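Trainee: I would like to go through this structure with you slowly, asking at each step what lies behind the words we use.
Mentor: Then let us look at it together, and put your questions as they come.

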Amino acid sequence: MEQYKSILKRLEKTAREYTNIAPENGQFLAILIRSIRAQNVLEIGTSNGYSAIYLAAALKETGGKLITLEFDPARAAEAEAHLQEVGLNDIVDVRIGNALDEIPMCDATFDLVFLDAEKNEYRRYLELALPNIRPGGLIVADDTVTMRHEMPDYVEFVFNTPQLHSVDIPLDDGIILSYKIGM
Ligand SMILES: C[S@@+](CC[C@H](N)C(=O)[O-])C[C@H]1O[C@@H](n2cnc3c(N)ncnc32)[C@H](O)[C@@H]1O
(Lines give C-alpha, C1' and ligand atoms only; values in the text may rest on other atoms or scores of the structure.)
Protein backbone atom coordinates (compact mmCIF):
# COMPACT_ATOMS: atom_id res chain seq x y z
CA MET A 1 0.00 0.00 0.00
CA GLU A 2 3.11 2.17 0.38
CA GLN A 3 3.10 3.36 -3.24
CA TYR A 4 -0.50 4.61 -2.97
CA LYS A 5 0.11 6.55 0.24
CA SER A 6 0.34 9.97 -1.34
CA ILE A 7 -2.92 9.76 -3.34
CA LEU A 8 -4.73 8.25 -0.36
CA LYS A 9 -3.50 11.09 1.89
CA ARG A 10 -4.58 13.66 -0.69
CA LEU A 11 -8.08 12.13 -1.03
CA GLU A 12 -8.45 11.95 2.75
CA LYS A 13 -8.62 15.77 2.77
CA THR A 14 -11.99 15.59 1.00
CA ALA A 15 -13.20 12.36 2.63
CA ARG A 16 -16.28 14.00 4.16
CA GLU A 17 -17.45 15.52 0.89
CA TYR A 18 -17.08 12.21 -0.95
CA THR A 19 -18.22 10.08 2.03
CA ASN A 20 -15.18 7.84 1.76
CA ILE A 21 -14.48 4.95 4.10
CA ALA A 22 -11.93 5.37 6.88
CA PRO A 23 -8.31 4.28 6.17
CA GLU A 24 -8.59 1.42 8.67
CA ASN A 25 -11.61 0.06 6.82
CA GLY A 26 -9.60 0.23 3.60
CA GLN A 27 -6.82 -1.75 5.26
CA PHE A 28 -9.34 -4.26 6.56
CA LEU A 29 -10.77 -4.83 3.07
CA ALA A 30 -7.27 -5.15 1.59
CA ILE A 31 -6.32 -7.74 4.24
CA LEU A 32 -9.47 -9.76 3.48
CA ILE A 33 -8.73 -9.72 -0.26
CA ARG A 34 -5.16 -10.89 0.28
CA SER A 35 -6.23 -13.53 2.84
CA ILE A 36 -8.76 -15.22 0.57
CA ARG A 37 -6.67 -14.55 -2.56
CA ALA A 38 -9.75 -12.90 -4.10
CA GLN A 39 -10.01 -12.87 -7.88
CA ASN A 40 -13.31 -11.08 -8.38
CA VAL A 41 -14.57 -8.27 -6.17
CA LEU A 42 -17.72 -6.14 -6.53
CA GLU A 43 -18.00 -2.71 -4.92
CA ILE A 44 -21.34 -0.96 -4.73
CA GLY A 45 -20.78 2.80 -4.33
CA THR A 46 -17.55 4.05 -5.95
CA SER A 47 -17.68 7.79 -5.21
CA ASN A 48 -14.29 9.25 -6.22
CA GLY A 49 -12.51 5.90 -6.01
CA TYR A 50 -10.86 6.18 -2.59
CA SER A 51 -11.93 2.71 -1.38
CA ALA A 52 -11.41 1.32 -4.91
CA ILE A 53 -7.71 2.18 -4.58
CA TYR A 54 -7.45 -0.04 -1.47
CA LEU A 55 -9.41 -2.83 -3.14
CA ALA A 56 -7.51 -2.65 -6.44
CA ALA A 57 -4.10 -2.39 -4.79
CA ALA A 58 -4.77 -5.68 -2.96
CA LEU A 59 -6.22 -7.24 -6.13
CA LYS A 60 -3.07 -6.29 -8.01
CA GLU A 61 -1.22 -8.64 -5.62
CA THR A 62 -3.72 -11.48 -6.03
CA GLY A 63 -4.08 -11.06 -9.81
CA GLY A 64 -7.76 -10.22 -9.40
CA LYS A 65 -10.24 -7.67 -10.78
CA LEU A 66 -12.71 -5.15 -9.37
CA ILE A 67 -16.10 -4.10 -10.71
CA THR A 68 -17.30 -0.93 -9.00
CA LEU A 69 -20.75 0.64 -9.47
CA GLU A 70 -21.59 4.35 -9.30
CA PHE A 71 -24.65 6.17 -10.61
CA ASP A 72 -23.15 9.67 -10.55
CA PRO A 73 -21.16 10.06 -13.81
CA ALA A 74 -19.06 12.94 -12.43
CA ARG A 75 -17.94 10.88 -9.46
CA ALA A 76 -17.28 7.85 -11.66
CA ALA A 77 -15.08 10.05 -13.89
CA GLU A 78 -13.12 11.25 -10.85
CA ALA A 79 -12.66 7.66 -9.73
CA GLU A 80 -11.37 6.67 -13.16
CA ALA A 81 -8.92 9.58 -13.17
CA HIS A 82 -7.60 8.64 -9.71
CA LEU A 83 -7.20 4.97 -10.64
CA GLN A 84 -5.41 5.96 -13.83
CA GLU A 85 -3.10 8.27 -11.88
CA VAL A 86 -1.83 5.33 -9.82
CA GLY A 87 -1.86 2.77 -12.63
CA LEU A 88 -4.70 0.67 -11.22
CA ASN A 89 -7.18 1.37 -14.04
CA ASP A 90 -6.50 -1.96 -15.78
CA ILE A 91 -7.71 -3.83 -12.72
CA VAL A 92 -10.90 -1.83 -12.26
CA ASP A 93 -14.09 -1.69 -14.31
CA VAL A 94 -15.99 1.44 -13.22
CA ARG A 95 -19.60 0.97 -14.32
CA ILE A 96 -21.93 3.95 -14.41
CA GLY A 97 -25.51 3.11 -13.52
CA ASN A 98 -27.91 2.24 -10.77
CA ALA A 99 -26.57 -0.70 -8.79
CA LEU A 100 -30.06 -2.21 -8.70
CA ASP A 101 -29.91 -2.52 -12.50
CA GLU A 102 -26.19 -3.22 -12.80
CA ILE A 103 -25.77 -6.02 -10.24
CA PRO A 104 -27.85 -8.57 -12.19
CA MET A 105 -25.78 -7.77 -15.29
CA CYS A 106 -22.49 -8.73 -13.61
CA ASP A 107 -21.62 -12.20 -14.85
CA ALA A 108 -18.61 -12.85 -12.57
CA THR A 109 -18.60 -15.10 -9.51
CA PHE A 110 -17.51 -12.87 -6.65
CA ASP A 111 -15.15 -13.72 -3.80
CA LEU A 112 -16.01 -10.51 -1.98
CA VAL A 113 -18.76 -7.89 -2.25
CA PHE A 114 -18.40 -4.50 -0.56
CA LEU A 115 -21.62 -2.55 0.10
CA ASP A 116 -21.23 1.22 0.49
CA ALA A 117 -24.06 2.98 -1.41
CA GLU A 118 -27.61 3.70 -0.14
CA LYS A 119 -28.00 2.16 3.31
CA ASN A 120 -31.70 1.43 2.88
CA GLU A 121 -30.90 -0.53 -0.30
CA TYR A 122 -28.22 -2.81 1.22
CA ARG A 123 -30.60 -5.74 1.49
CA ARG A 124 -31.67 -5.42 -2.14
CA TYR A 125 -28.05 -5.18 -3.28
CA LEU A 126 -27.19 -8.32 -1.35
CA GLU A 127 -30.23 -10.28 -2.51
CA LEU A 128 -29.33 -9.43 -6.11
CA ALA A 129 -25.63 -10.27 -5.67
CA LEU A 130 -25.96 -13.37 -3.46
CA PRO A 131 -26.41 -15.93 -6.28
CA ASN A 132 -23.12 -14.66 -7.78
CA ILE A 133 -21.12 -14.90 -4.55
CA ARG A 134 -19.15 -18.11 -4.29
CA PRO A 135 -19.54 -20.46 -1.32
CA GLY A 136 -16.93 -19.24 1.15
CA GLY A 137 -17.25 -15.71 -0.24
CA LEU A 138 -17.44 -12.61 1.93
CA ILE A 139 -19.78 -9.63 2.14
CA VAL A 140 -18.65 -6.44 3.86
CA ALA A 141 -21.21 -3.73 4.64
CA ASP A 142 -20.02 -0.28 5.78
CA ASP A 143 -21.59 2.24 8.21
CA THR A 144 -23.43 -0.49 10.10
CA VAL A 145 -23.12 1.20 13.51
CA THR A 146 -23.69 4.87 12.65
CA MET A 147 -26.44 4.23 10.06
CA ARG A 148 -27.92 1.02 11.42
CA HIS A 149 -31.33 2.67 11.73
CA GLU A 150 -31.43 2.94 7.91
CA MET A 151 -30.78 -0.77 7.34
CA PRO A 152 -32.95 -2.81 9.76
CA ASP A 153 -33.95 -5.16 6.92
CA TYR A 154 -30.29 -5.80 6.05
CA VAL A 155 -29.33 -6.51 9.66
CA GLU A 156 -32.29 -8.86 10.02
CA PHE A 157 -31.36 -10.66 6.79
CA VAL A 158 -27.65 -11.21 7.43
CA PHE A 159 -28.16 -12.41 11.01
CA ASN A 160 -31.11 -14.69 10.23
CA THR A 161 -30.33 -16.27 6.87
CA PRO A 162 -28.96 -19.80 7.43
CA GLN A 163 -26.71 -19.41 4.38
CA LEU A 164 -24.80 -16.56 6.07
CA HIS A 165 -22.60 -16.28 9.14
CA SER A 166 -22.31 -12.64 10.22
CA VAL A 167 -20.46 -10.60 12.79
CA ASP A 168 -20.50 -6.92 13.83
CA ILE A 169 -17.08 -5.29 13.77
CA PRO A 170 -16.83 -1.87 15.44
CA LEU A 171 -14.27 -0.44 13.02
CA ASP A 172 -14.80 3.31 12.45
CA ASP A 173 -18.52 3.68 11.46
CA GLY A 174 -19.01 -0.07 11.81
CA ILE A 175 -18.82 -3.05 9.50
CA ILE A 176 -20.87 -6.22 9.25
CA LEU A 177 -18.76 -9.03 7.83
CA SER A 178 -20.75 -11.96 6.44
CA TYR A 179 -19.54 -15.32 5.20
CA LYS A 180 -21.55 -17.33 2.67
CA ILE A 181 -21.45 -20.95 3.75
CA GLY A 182 -21.33 -23.99 1.51
CA MET A 183 -17.61 -24.50 0.98
C1 LIG B 1 -20.59 6.33 0.65
S2 LIG B 1 -20.27 6.74 -1.02
C3 LIG B 1 -19.09 5.53 -1.51
C4 LIG B 1 -17.73 5.81 -0.95
C5 LIG B 1 -16.65 4.92 -1.53
N6 LIG B 1 -16.94 3.53 -1.30
C7 LIG B 1 -15.33 5.25 -0.88
O8 LIG B 1 -15.14 4.87 0.30
O9 LIG B 1 -14.49 5.88 -1.53
C10 LIG B 1 -21.71 6.14 -1.80
C11 LIG B 1 -21.74 6.34 -3.30
O12 LIG B 1 -22.78 5.48 -3.82
C13 LIG B 1 -23.41 6.11 -4.89
N14 LIG B 1 -24.74 5.49 -5.00
C15 LIG B 1 -25.80 5.62 -4.17
N16 LIG B 1 -26.82 4.86 -4.56
C17 LIG B 1 -26.40 4.20 -5.67
C18 LIG B 1 -27.00 3.25 -6.54
N19 LIG B 1 -28.26 2.80 -6.33
N20 LIG B 1 -26.28 2.80 -7.58
C21 LIG B 1 -25.03 3.24 -7.81
N22 LIG B 1 -24.40 4.12 -7.01
C23 LIG B 1 -25.06 4.60 -5.96
C24 LIG B 1 -23.43 7.59 -4.51
O25 LIG B 1 -23.52 8.42 -5.66
C26 LIG B 1 -22.09 7.74 -3.76
O27 LIG B 1 -21.07 8.23 -4.61
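Trainee: Which residue is the bridge partner of Val41 in S4?
Mentor: In this predicted model, the bridge partner of Val41 in S4 is Leu112.

Trainee: What makes S1 and S4 (residues 110–115) a pair of strands?
Mentor: The cut-off is at least two bridges between the strands, and S1 and S4 have four bridges in the parallel sense, so they count as paired under that cut-off.

Trainee: How do you know that S1 and S2 pair, and in which sense?
Mentor: There are five bridges between S1 and S2, set against a cut-off of at least two, so the strands pair, and they do this in the parallel sense. One residue to look for is Ile44, whose bridge partner in S2 is Leu69. With helix H3 added, S1, H3 and S2 make a β-α-β unit, and that unit is right-handed.

Trainee: Why is strand S1 (residues 40–44) called largely enclosed by the rest of the structure?
Mentor: Five of the five residues of S1 are buried, and therefore the strand is described as largely enclosed by the rest of the structure. Both of its faces are covered, with Asn40, Leu42 and Ile44 buried on one side and Val41 and Glu43 buried on the other.

Trainee: Why does Ala38 count as buried?
Mentor: The cut-off for a buried residue is 20 or more other C-beta atoms within 10 Å of its own, and Ala38 has 24 C-beta neighbours inside 10 Å, so Ala38 counts as buried. This residue lies in the loop between helix H2 (23–35) and S1, and, leaving aside residues up to four places away in sequence, Ala38 touches Ile33, Leu59, Thr62, Gly64, Asp111 and Leu112.

Trainee: How do you know that the span of helix H4 (residues 73–85) is close to the expected one?
Mentor: H4 has 13 residues and reaches 18 Å from its first C-alpha to its last, and the expected value at 1.5 Å a residue is 18 Å, so the two values agree closely.

Trainee: Which residues of H4 are buried, and what do they pack against?
Mentor: The buried residues are Ala76, Glu78, Ala79, Glu80, His82 and Leu83, and the buried residues of H4 pack against helix H1 (5–12), H3, S2 and strand S3 (92–96). Just after H4 comes Gly87, which takes a positive phi of about 70 degrees.

How values were computed
Residues numbered from 1 in each chain as written. Predicted model: local features only at pLDDT ≥ 70, side-chain atom pairs only at ≥ 80, totals over all residues. Buried ≥ 20, exposed ≤ 12 C-beta atoms within 10 Å, placed from the backbone. Right-handed = clockwise from strand over helix to strand, strands pointing away. Contact = placed C-beta atoms within 7 Å.
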